[in-house]
Amino acid sequence: MWRSTDDGVIWHPLSDSLSSLACGAIASDPQTSDVIYLGTGESNYSGDSYYGNGLFKTTDGGATWTRLFDTFIGSYYSQIVVDPTNPNIVYVASDKNVYKSTDAGAGWSNTRCGGSVNCLIMDPVNTQVLFATIGGAGANSIVKSTNGGASWSTLTAGLPTTTMG
């Protein structure tokens, strides 16, 4: 991860000291820009993609990092979403599922949305509404939660009835 403070003229590396340089997801706290989450591992589905070594967080703009979530070392993170109305609520999408933290990353729970998650989007008006795309062998689908990830339903209206890719 790199950061510029002069509109992109000069860039400074922030994550070179981490245990993995393969980055698949990044998000910052919308209320405090020095708080950044970095998910390692690449979800590009190509032969040259690399697995990660956990989810990291900085509270000082990248000067120091803490590994928050390393349950799936050897996996990847594809998306990180920080609730704009409550930055203590953070969601991470990975090749294992969607995980939710309600304490800014100190603890995590599995939302059990369905599998390998490629994309995770939060409704900007109602942050309880989430959409996720699930990938994998024969399990491609789009799911929706209206209660902050407590439950998920598969969307079918207007979508292909055969396997989606």
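**Close-ups of an all-strand predicted model**

**View 1. An open sheet built from four strands.** In this predicted model, E11, E12, E13 and E14 line up in that order as an open sheet with antiparallel pairing. At the edges sit strand E11 (116-122) and strand E14 (153-154), each of which pairs on one side only. Look at the E14 end first: strand E13 (residues 141-145) runs antiparallel to E14, and two bridges join them. To find this pairing on screen, pick Val143, whose bridge partner in E14 is Thr154.

**View 2. Strand E8, wrapped up on both sides.** How many residues of E8 are buried? Five of the five are, so strand E8 is largely enclosed by the rest of the structure. In a regular strand, side chains take turns pointing to the two faces of the sheet. For E8 that gives two sets to check: Val90, Val92 and Ser94 on one side, and Tyr91 and Ala93 on the other, all of them buried. Both faces of the strand are therefore covered, with each residue under the 20% relative accessibility cut-off.

**View 3. The partners of E8.** Strand E7 (residues 77-82) runs antiparallel to E8, and five bridges join the two. Within that pair, Ile80 has Val92 of E8 as its bridge partner. E8 also pairs with E9, again in the antiparallel sense, this time over four bridges. Here Tyr91 is the residue to pick, as it stands opposite Lys100 in E9. E8 and E9 make a hairpin, and three residues lie between them.

**View 4. Asn97, tucked into the loop after E8.** Zoom in on the loop between strand E8 (90-94) and E9, and you'll find Asn97 there. Is Asn97 buried or exposed? Its relative accessibility is 9%, so Asn97 counts as buried. The Asn97 side chain makes a polar contact of 3.4 Å with the side chain of Asn110. What else does Asn97 touch, leaving aside its neighbours within four places in sequence? Besides Asn110, the list holds Val92, Arg112, Cys113, Gly114, Gly115 and Val117. Val92 is a residue we've already met, as one of the buried residues of E8.

**View 5. Two loop residues with positive phi.** Ala104 and Arg112 make a handy pair to look at side by side. Ala104 lies in the loop between strand E9 (98-101) and strand E10 (109-110). Its phi is near 60 degrees, a positive value in a residue other than glycine. Arg112 sits in the loop between E10 and E11, and phi of Arg112 is near 55 degrees, again positive in a non-glycine residue. Which of the two is buried, and which is exposed? Ala104 has 16% relative accessibility, so it counts as buried. Arg112 comes in at 62%, so it counts as exposed. Exposed or not, Arg112 is among the residues in contact with Asn97.

**View 6. Stepping back to the whole chain.** The protein has 14 strands and zero helices, so from the N terminus on, every element you'd trace is a β strand. Of its 165 residues, 45% count as buried. Take the contacts between residues at least 6 apart in sequence: 33% of them join residues at least 24 apart. The accessible surface adds up to about 8500 Å², and carbon and sulfur atoms account for 51% of that.

Conventions: Residues numbered from 1 in each chain as written. Predicted model: local features only at pLDDT ≥ 70, side-chain atom pairs only at ≥ 80, totals over all residues. Heavy atoms only, no water. Pairing = 2+ DSSP bridges. Buried < 20%, exposed > 50% of the residue type's maximum accessible area, 1.4 Å probe, protein only. Contact = heavy atoms within 4.5 Å. Areas by Shrake-Rupley, 256 points an atom, 1.4 Å probe, with all protein chains shown as cover. Polar contact = N/O pair within 3.5 Å; in protein donor to acceptor, adjacent residues only side chain to side chain.
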